[in-house]
Amino acid sequence: MNEILLSKRKNGMLVLLSLIAGYLLAAAAIILGGIFGRGLPLVIGIVYILTAWIFFLGLKVLKPQEALVLTLFGKYVGTLKGDGFYFVNPFCVAVNPAAKTQLNQSGDVKPVQVALPTGTASTSVEFVNKKLSLKIMTLNNNRQKINDCLGNPVEIGIAVTWRIVDTAKAVFNVDNYKEFLSLQCDSALRNIVRLYPYDVAPNVDTTGDGIADDGSLRGSSEIVAGRIRDEIQARVDEAGIEIVEARITYLAYATEIAAVMLQRQQASAIIDARKMIVDGAVGMVEMALDRLNQNQVVSLDEERKAAMVSNLLVVLCGNRDAQPIVNSGSLY
């Protein structure tokens, strides 16, 4: 289904003025026909007043970034785009299957309800806006719990900015373009997230080239978001929707493993810190022994060197400050 633009229908004001002038002439014809006893002007005036209101149904007003998809007896006739005052066939019907659909996104508003007097068949009448918005809108789907490539459950949420670029495809190629977009966002998110670990892990290939890399959900959020956007775009092309951007808005381990993963991260941080402390301590001990030997401050045998190394490592690697002990006797 290809979009057909009705660009030469901005004559609504002329038609409106013509209809008003016709009503004035019809009223004058009825009055004069009644006064002078002329039946033909009287009949023409009455017929016009009773039937001309149908043409008012063909008047359409559009604001900027709005569109109206029209059908005539079930056949697609075209789309009105751009702000202006239009006149179309009064029997044309506007179509928007997603008019009543409300998702967690910008642009969704509740239908207007008008209360009727008590005792009528229905207490309220719902007016649905059949116009399509061509503005850039943001869809913020619910958070999903997905297993990453290592099998760890993570919770992730995305925000997708999108817009309609082909109104005919959006209305006729899918049943409900809003629900279709929401479903494809969830599916694409699941397909991409399962390729990455939450954090950097060894021997993991996230690009599919057969070589391990450092890709992760936490460290490569821009790359992951770009792949999610491309995945969604490939799925919604048939619906006439353009994905402007996709961004990760929430990322965390699932609650059932969050505490364990926090302990794991803390243990990893402690180990890394200890390694750095030990490396520094060993270097300082080597430097101390070398300086003592070079300056010939004291001559130590292997046993005394081992004791000195042990004491220095205890002092440098300990969590608390060492308590000094003064030896007043002989070293040997």
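Which residue forms a salt bridge with Asp 199? Arg 218 does, with the closest N and O atoms 2.8 Å apart; that pair gets its own view below.

A note for every panel: this is a predicted model, so local features need pLDDT of at least 70 and side-chain atom pairs count only at pLDDT 80 or more, while totals for chains, interfaces and linings use all residues. Residues are numbered from 1 along each chain as its sequence is written, and side-chain values use heavy atoms, with hydrogens and water left out.

**View 1. Arg 218 and Asp 199 form a salt bridge in the loop between helix H5 (177–193) and helix H6 (221–236).** A salt bridge here is a side-chain nitrogen of Lys or Arg within 4 Å of a carboxyl oxygen of Asp or Glu. Helices (H or I, at least four residues) and strands (E, at least two) are DSSP runs, numbered from the N terminus. Both partners sit in the H5–H6 loop, so the pair ties together parts that are 19 residues apart in sequence. Asp 199 is partly exposed at 26% relative accessibility; buried means under 20% relative accessible area, exposed over 50%, and partly exposed in between (1.4 Å probe, protein chains only).

**View 2. Lys 81 reaches Glu 3 through a salt bridge.** The closest N and O atoms are 3.1 Å apart. Lys 81 belongs to strand E3 (residues 75–81) and Glu 3 to the segment before helix H1 (12–36), so parts that are 78 residues apart in sequence are tied together. Lys 81 is partly exposed at 28% relative accessibility, and Glu 3 is partly exposed too, at 23%. Over the whole structure, a search finds nine salt bridges.

**View 3. Arg 247 and Glu 222 link a strand to a helix.** Their closest N and O atoms are 2.5 Å apart. Arg 247 lies in strand E12 (residues 241–253) and Glu 222 in H6, so this salt bridge ties together parts that are 25 residues apart in sequence. Arg 247 is partly exposed at 35% relative accessibility, whereas Glu 222 counts as exposed at 53%. Elsewhere, salt bridges with shared partners join Lys 63, Glu 66 and Lys 131 into one network.

**View 4. Strand E9 (residues 137–140) has one buried face.** Met 137 and Leu 139 point to that face and are buried; Thr 138 and Asn 140 point to the other and are not. In a regular strand the side chains alternate between the two faces of the sheet. E9 pairs with strand E11 (residues 153–164) in the antiparallel sense over four bridges, where pairing takes at least two DSSP bridges between the strands. Look for Met 137 opposite Trp 162 of E11.

**View 5. E10 and E11 form a hairpin.** Five residues separate the two strands, and Gly 151 in the turn has a positive phi of about 90°. The strands pair in the antiparallel sense over four bridges, with Asn 147 standing opposite Pro 153 in E11. Strand E10 (residues 144–147) carries Gln 144 and Ile 146 on its covered face, and Lys 145 and Asn 147 on the uncovered one.

**View 6. The largest nonpolar core holds 38 residues.** Such a core is a set of buried Ala, Val, Leu, Ile, Met, Phe, Trp, Tyr and Cys residues joined through side-chain atoms within 4.5 Å. Trp 162, Tyr 177, Leu 181, Ile 228, Ile 232, Ile 241 and Ile 243 touch the most other members. Strand E2 (66–72), E9, E11, helix H4 (167–172), H5, H6 and E12 each supply at least two residues, and the largest share, seven residues, comes from H5.

**View 7. Two non-glycine residues have a positive phi.** Gln 65 has a phi near 60° and lies in the loop between strand E1 (59–62) and E2, partly exposed at 44% relative accessible area. Asn 203, also with phi near 60°, is found in the loop between H5 and H6 and counts as exposed at 76%.
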